[in-house]
Structures are given as structure tokens and as C-alpha cells.
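I opened this notebook to keep track of what I looked up in one structure, entry by entry. The topics are backbone angles, salt bridges, a helix check and surface patches.

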Amino acid sequence: MTDSKRTAEPVTSRVWKNGKVVAENFPFERLSDHVADQKCVVWVDLPGTDLPQLAALAEEMSVRVDLIEDALSEQSRPKVYHYDEFKFLNAYSVSFDQQGELSQSQISAFVTHNAMITVRREGQFDLTELVRRWDDNSALIARGVGGVLHSLLDLIVDGHFDAVQQLDDAIEDIEDGLFAEKPQSKETQHRAFRLRKSLVQLRRVVLPMRELVGGLQREDAEIDPVLRPYFYELYDHVLRVMEWTESLRDMISTIFETNLSLADARLNTIMKKLTAWAAIIAVPTAVTGFYGQNVPFPGFAHRSGFLVSTAIMVVAVAALYITFKRKEWL
């Protein structure tokens, strides 16, 4: 299959006019025609970053292909770049499973005055929910490409919020078991380490979102003024996720420190118990050792001597036991 045929194939796409869908899944070569219509808002999704698609994208958007390649070359932190021809932003959607593993999917977007092209590197980002939000918020789409972009970022941030919520619940489960009488199993400790690793990964994704959304607020003069409150609300959600993530970071650190402290406390308790039992056992050992000497002693070779030694051992052991019990050594 040649590149020209490949670009002529239908792609996941939409065209809105006044908030209403007028075209869907059109051939990629029609992108420039729809973008040329200033009354239209265009969205195209590319599930990959191969060179033929990038070249076709640059040709249809009338921009230099090297700018697009440079924008996609670094798979790094979330960010937004402002070029003369377009804006490029990079973000990550995340999901969290019950085993404490965090998976992330990178999604990039090229935004012009009336078009947004999304590029999904791993292809794991679910477009179904994004399309549903567009259908439910046609009034925002009617305000231009800013409405399309807001729905995308809002979906990503909501995913971050859900992941933080699940992490919080998982950390609380571990926290509840810290003070159980039975020490934590290795599986629980391994889960705590997995949660800590997932939290570190989530922080790398969440924290830069503040700069990304803030950059759009400060520098994007093309966003309709009606949409700005929605971006302010989105920025507030980003801050909430950041603060929640930081609090979880403190919480998981406290869990590790508390677990170590409890382990030391349990070790001290065990050592006290061993010391107490050793002291108790030492008394009868000393008495029997003394009376076991091959020398005459009071009661030697008499029943009274046996009774006296037995009484000494019982009284001494009982006295030590009561003493250690009061001191909570036993």
C-alpha cells in the first residue's frame, strides 16, 4: 500500500459548524478543505506517529514537517509550546488497577485557529468518552476549537482525579492495617511499595499540568472569552489533584516510617518477653543447681529439703511473673 493511498483512507475525525456535526470520518486529504472553512471546527485523530502520517499532516495544515517532528520527538513531561502556525501540547491519561499498578497513555495535540489534531502514541486513550462529552456540550463546541480542546483536557484531568481517588483508598486500606495485632504480610508490604512507585509516576504526570493549563490561560488569545471560566475551573481541578497528590505523598511516607517504628516496637516487646522468661527460668535453674551440689545442706536426703526447694522455685517464679506482668513485659 502506497503512502498516497494510505492518507486517502478515512480517519477518525469530525467537523462541526455552529456546534452541529456536519461531517465525520472523512479522508485525511480533505482536512485542508475543512480547515479552510473558517466557520468550521475540525478534529482529526491519528493513532500513531509514523512519518508518512506526519508528512501528510504537515501538508494538510500548511506547516513545516520539521516543526511537527520536533514537537513529537520528545516523549517527556506534559507541556505546551506556542508556534506561529499552531500550538502543540502533550499530556498523559492514566488509569489505576487494584494491584497498585499505574498505566499511562501519552496523547499529543496540534491546535490551530479552528482545528485540533490529536496523536495517540500508544493508542490506549479511549475516544468514546471524549466524543460523548462533545455530543453533550455542543454549546461549547459552537464557541470554537477552544471548546474541543477544553473537553480533551477536562477528560484527562478527570482521569487524574479518579486515579488519585483510587490511590487514596488503597493507601487508607494499608493504613488501617498498620496497627493490627498481626504484623503486615510481605504481600501487603510489596503492595505499599507498588503504591509508592505509582504515586511517583502520577506526580510526574500531574504536577506539570498546572503549567500546561496556566499557559493556555495566559497566552491563548484565540480562546473565546465565554470559554475562559471553563478553563479557570479546569485549572482549579488541576490544583486540587496536585494538592491531593502531595498529601498522598506525605501519607505514604508516614506509612513507611510508622511501619518501621512499629517493627522496632515489636522487636523491643519480643526482647522484653525473652528477657523476662529468661529471668523466670533462671530461678529454678539456680535453685536446682544449688541443691544439686554433692554437699550436705539443710534438708539433705530428707523430704523436707525437696519441699523447701520446690516452694522456693514456685514462689520466686510467681513473684517474677507478677512483677513482669505489671511492667507489661509479658
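**Backbone angles in two loops**

I began with Asn18, which I found in the loop between β1 (13-17) and β2 (20-24). I keep in mind throughout that this is a predicted model. The phi of Asn18 is near 60°, a positive value in a residue other than glycine, and at 65% relative accessibility I list Asn18 as exposed.

I then moved on to Asn25, which sits in the loop between β2 and α2 (31-36). Asn25 also carries a positive phi, of about 50°, although it is not a glycine; with a relative accessible area of 43%, I enter Asn25 as partly exposed.

**Salt bridges**

How many salt bridges does the count come to? I noted 13 salt bridges, and I followed some of them residue by residue.

I looked up Asp37 and Lys17, whose side chains meet in a salt bridge at 3.3 Å, N to O. Asp37 lies in the loop between α2 and β3 (40-46) and Lys17 in strand β1, so this pair ties together parts that are 20 residues apart in sequence. Both ends have some access to the surface in my notes: Asp37 is partly exposed at 27% relative accessible area, and Lys17 is partly exposed at 31%.

I turned next to Asp154 and Arg133, whose side chains form a salt bridge at 2.9 Å, N to O. Asp154 belongs to helix α7 and Arg133 to helix α5 (residues 127-136), so the pair ties together parts that are 21 residues apart in sequence. Are these two partners buried or exposed? Asp154, at 16% relative accessibility, counts as buried because the cut-off for that word is under 20%, and Arg133, at 14%, counts as buried as well.

I also checked Glu246, which forms a salt bridge with Arg203, the closest N and O atoms being 2.9 Å apart. Since Glu246 lies in helix α10 and Arg203 in helix α8 (residues 186-206), the pair ties together parts that are 43 residues apart in sequence. I wrote down Glu246 as partly exposed at 28% relative accessibility, whereas Arg203 is buried, with a relative accessible area of 18%. Going back over shared partners, I found that salt bridges join Glu129, Arg132, Arg133, Asp136, Asp154 and Asp158 into one network.

**A check on helix α11**

Does the span of helix α11 agree or disagree with its number of residues? I took the 24 residues of α11 (residues 303-326) at 1.5 Å a residue, which should span 34 Å, and the end C-alpha atoms turn out to be 35 Å apart, which agrees. Within α11, I noted Gly305, Ser309, Met313 and Phe324 as buried.

**Surface patches**

Which residues gather in a patch of negative charge on the surface? I listed Asp169, Glu172, Asp173, Glu175 and Asp176. Asp169 is placed in helix α7 (residues 145-176), and at 36% relative accessibility Asp169 counts as partly exposed.

My last entry concerns a nonpolar patch on the surface, which is formed by Leu267, Ile270, Met271 and Leu274 and has about 400 Å² of accessible area together. I placed Leu274 in helix α10 (residues 228-291), and with a relative accessible area of 53% I recorded Leu274 as exposed, because that word applies over 50%.

Notes: Residues are numbered from 1 along each chain as its sequence is written. This is a predicted model: local features need pLDDT of at least 70, side-chain atom pairs count only at pLDDT 80 or more; totals for chains, interfaces and linings use all residues. Side-chain values use heavy atoms; hydrogens and water are left out. Patches are made of residues with over 30% relative accessible area and no salt bridge: like charges are joined within 9 Å, nonpolar side chains (Val, Leu, Ile, Met, Phe, Trp, Tyr) within 5 Å. Accessible areas come from the Shrake-Rupley method with a 1.4 Å probe; for residues, only the protein chains shown count as cover. A salt bridge is a side-chain nitrogen of Lys or Arg within 4 Å of a carboxyl oxygen of Asp or Glu. Lys and Arg count as positive and Asp and Glu as negative; His and the chain ends are not counted. The place of a charge is taken as NZ of Lys, CZ of Arg, CG of Asp or CD of Glu. Helices (H or I, at least four residues) and strands (E, at least two) are DSSP runs, numbered from the N terminus. Buried means under 20% relative accessible area, exposed over 50%, partly exposed in between (1.4 Å probe, protein chains only). The expected span of a helix is 1.5 Å times one less than its number of residues.
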